[in-house]
Amino acid sequence: MDIDILYKDDYLLVVDKPEGLPIHMTQGMPHDADYLTKVIGKQLGCSVYNVHRLDAKTSGIVLLALSPEIAHELTLLFEQKKITKTYHAIVRENPGSGTFDNKVKNQGKRGSKNAVTHYNTMKTVSTTICYKEFENVSLSLVEVTPETGRWHQIRQHFAQARFDIIGDNNHGDRMLNKIIAEKTGISRLLLHASSLQFEHPITKEVRTYISELPVSFNQLLHSEFI
């Protein structure tokens, strides 16, 4: 497996992570399982360090450090909200534009945390899908900018508002996901980290990196049942 590297220098690199690949080793994974830092380390022949989270099921841009010192600097930028992340998702119905600020659950822990997610609907299409109380379900391509970085924040916020992200079987609508998978063959989580903007900790240049939407997004929005 070769990972697409969007940028690399002596301090850090920006990569385009494929869907289904974890960023780092987690409990329950086989000892020989692939994960991003391992694959990139082998690809480049050096150690790499993750500085932010991107769910395994989510594709798109990931920022990595090439030393513990740079990892610390980049982690601080994320904690200080000095890095802008933009995502795209396909969701059920049309959420319009606005901000979600409900609390979201912690991973594997009790309680919840404050979270803020801004969103803007870019395109909506109608389908012939009818199930439960829904008739001719609409699907929308939404641009999402999280202000905080909680566990599954975007997925939880859209599910709370019943604008479930397609392919999300943890928080979303499993019946709709199954129908879409049967009709189109698309079963992945339709959430993509599409851009990242940050100030380079050494050069102080403001850099922006963009990852094009995966083919599956356009395939779904132009499927025959629409």
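Is F158 buried or exposed? F158 counts as buried, because its relative accessibility is 0% and the cut-off for buried is under 20%. Keep in mind that this is a predicted model. The briefing starts from F158 and its aromatic partner, then turns to cores, pockets and a cavity.

**Aromatic pairs**

- The structure holds 6 aromatic pairs.
- In one of them, the rings of Y7 and Y209 have centres 5.5 Å apart. Their planes meet at 35°, so this pair is tilted.
- Y7 sits in strand β1 (residues 4-8), and Y209 sits in strand β12 (residues 206-210). The two are 202 residues apart, so the pair links distant parts of the chain.
- Both Y7 and Y209 are buried.
- F100 and F158 make an edge-to-face pair. Their centres are 5.0 Å apart, with 85° between the planes.
- This pair also links distant parts of the chain: F100 is in strand β6 (residues 97-100), F158 is in helix α3, and 58 residues separate them.
- F100 is buried too, because its relative accessible area is 8% and buried means under 20%.
- Y7 and Y209 join F198 in one aromatic cluster.

**Nonpolar cores**

- In soluble globular proteins, nonpolar side chains tend to be buried together.
- Here the largest nonpolar core has 27 residues. V15, L36, I40, F158 and I165 touch the most other members.
- Several elements give two or more residues to this core: β2 (12-17), α1 (36-44), β4 (59-65), β5, β10, α3 and β11 (191-199).
- Another core lies apart from the largest one. It has 18 residues, among them V137, L141, L176 and L190.
- What does I40 contact, leaving aside its neighbours within four places in sequence? The list is I3, I5, L13, V15, G45, V48 and L64.

**The largest pocket**

- The volume of the largest pocket is about 1200 Å³.
- Its lining has 38 residues. R53, L54, G149, R150 and W151 lie nearest the centre.
- α2 (68-79), β5 (84-92), β10 (138-146) and α3 (153-160) each supply at least two lining residues.
- The lining is a mix of 13 nonpolar, 15 polar and 10 charged residues.

**The second largest pocket**

- The second largest pocket has a volume of about 160 Å³.
- Its lining consists of R53, V104, K105, N106, Q107, K109, K113, R150 and W151.
- By type, these residues divide into 2 nonpolar, 2 polar and 5 charged.
- R53, R150 and W151 appear in this lining and also lie nearest the centre of the largest pocket.

**The cavity**

- How many cavities of 30 Å³ or more are there? The count comes to 1.
- The largest cavity holds about 40 Å³ of space.
- H52, L54, I61, K85, T86, Y87, A193, S195 and L196 line it.
- β5 and β11 are the elements that give two or more residues to this lining.
- The lining of the largest cavity has 5 nonpolar residues, 3 polar and 1 charged.
- L54 lines the cavity and is one of the residues nearest the centre of the largest pocket.

**Where the topics meet**

- F158 is among the residues that touch the most other members of the largest core, and F158 is also half of the edge-to-face pair with F100.
- β5 gives two or more residues to the largest core, at least two to the lining of the largest pocket, and two or more to the lining of the largest cavity.

Note on methods. Residues numbered from 1 in each chain as written. Predicted model: local features only at pLDDT ≥ 70, side-chain atom pairs only at ≥ 80, totals over all residues. Heavy atoms only, no water. 1 Å grid on protein atoms, 1.4 Å probe; cavity = no way out; pocket = protein on both sides within 12 Å on 5 of 7 lines; lining within 4 Å. Points joined across faces, edges and corners; volume = space filled by probe spheres on them. Helix = DSSP H or I, 4+ residues; strand = E, 2+ residues; numbered from the N terminus. Nonpolar A, V, L, I, M, F, W, Y, C, P; charged D, E, K, R; others polar. Core = buried A, V, L, I, M, F, W, Y, C linked by side-chain atoms within 4.5 Å. Buried < 20%, exposed > 50% of the residue type's maximum accessible area, 1.4 Å probe, protein only. Contact = heavy atoms within 4.5 Å. Phe/Tyr/Trp six-rings, centres within 6.5 Å; stacked < 30°, edge-to-face > 60°.
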